[in-house]
Amino acid sequence: MPFLTPYYIVIAPDLRGLGDSEHPKDGFDMKNMAEDIAQLAPHLGYDTFNLVGES
């Protein structure tokens, strides 16, 4: 991420079930995680954004 910050605004949310979040009983799938990001971006003031992930 540090290599991206000179060129982009980098936001690294702790999505449900990932990182330090507890695994939810349901909704722990890519569709819901994508929806979480899609709702977060406009809330932060971004109508368009690029999404990068790692596995």
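In this predicted model, Val52 counts as exposed because its relative accessibility is 69%, and exposed here means over 50%. Val52 sits in the segment after helix 1. Although Val52 and Ala12 are 40 residues apart in sequence, their C-alpha atoms are 9.9 Å apart in space.

Helix 1 itself is a good place to look next. Helix 1 covers residues 30-43, and its 14 residues should span 20 Å at 1.5 Å a residue; the C-alpha atoms at its ends are 20 Å apart, so expectation and model agree. At the N-terminal end, Asp29 acts as the cap of helix 1, with a side-chain oxygen 3.3 Å from the backbone nitrogen of Lys31. After helix 1 comes Gly45, which has a positive phi, near 100°.

The two sides of helix 1 are worth viewing in turn. Met33, Ile37 and Ala41 are buried in helix 1. These three residues cover an arc of only 75° around the axis, and therefore they lie on the same side of helix 1. The spacing fits a familiar rule: an α-helix has 3.6 residues a turn, so residues three or four places apart point the same way. The face turned away from this buried side carries Lys31, Gln39 and His43, which are exposed.

A further feature of the surface involves the segment before helix 1, where Tyr8 is found. Together with Met1, Leu4, Tyr7 and Val10, Tyr8 makes a nonpolar surface patch of about 560 Å².

Notes
Residues are numbered from 1 along each chain as its sequence is written. This is a predicted model: local features need pLDDT of at least 70, side-chain atom pairs count only at pLDDT 80 or more; totals for chains, interfaces and linings use all residues. Side-chain values use heavy atoms; hydrogens and water are left out. Helices (H or I, at least four residues) and strands (E, at least two) are DSSP runs, numbered from the N terminus. The expected span of a helix is 1.5 Å times one less than its number of residues. Buried means under 20% relative accessible area, exposed over 50%, partly exposed in between (1.4 Å probe, protein chains only). The arc is that of the directions from the helix axis to the C-beta atoms. A polar contact is a pair of N or O atoms within 3.5 Å; within protein, one must be able to donate a hydrogen and the other to accept it, and residues adjacent in sequence count only if both atoms are side-chain atoms. Patches are made of residues with over 30% relative accessible area and no salt bridge: like charges are joined within 9 Å, nonpolar side chains (Val, Leu, Ile, Met, Phe, Trp, Tyr) within 5 Å. Accessible areas come from the Shrake-Rupley method with a 1.4 Å probe; for residues, only the protein chains shown count as cover. A salt bridge is a side-chain nitrogen of Lys or Arg within 4 Å of a carboxyl oxygen of Asp or Glu.
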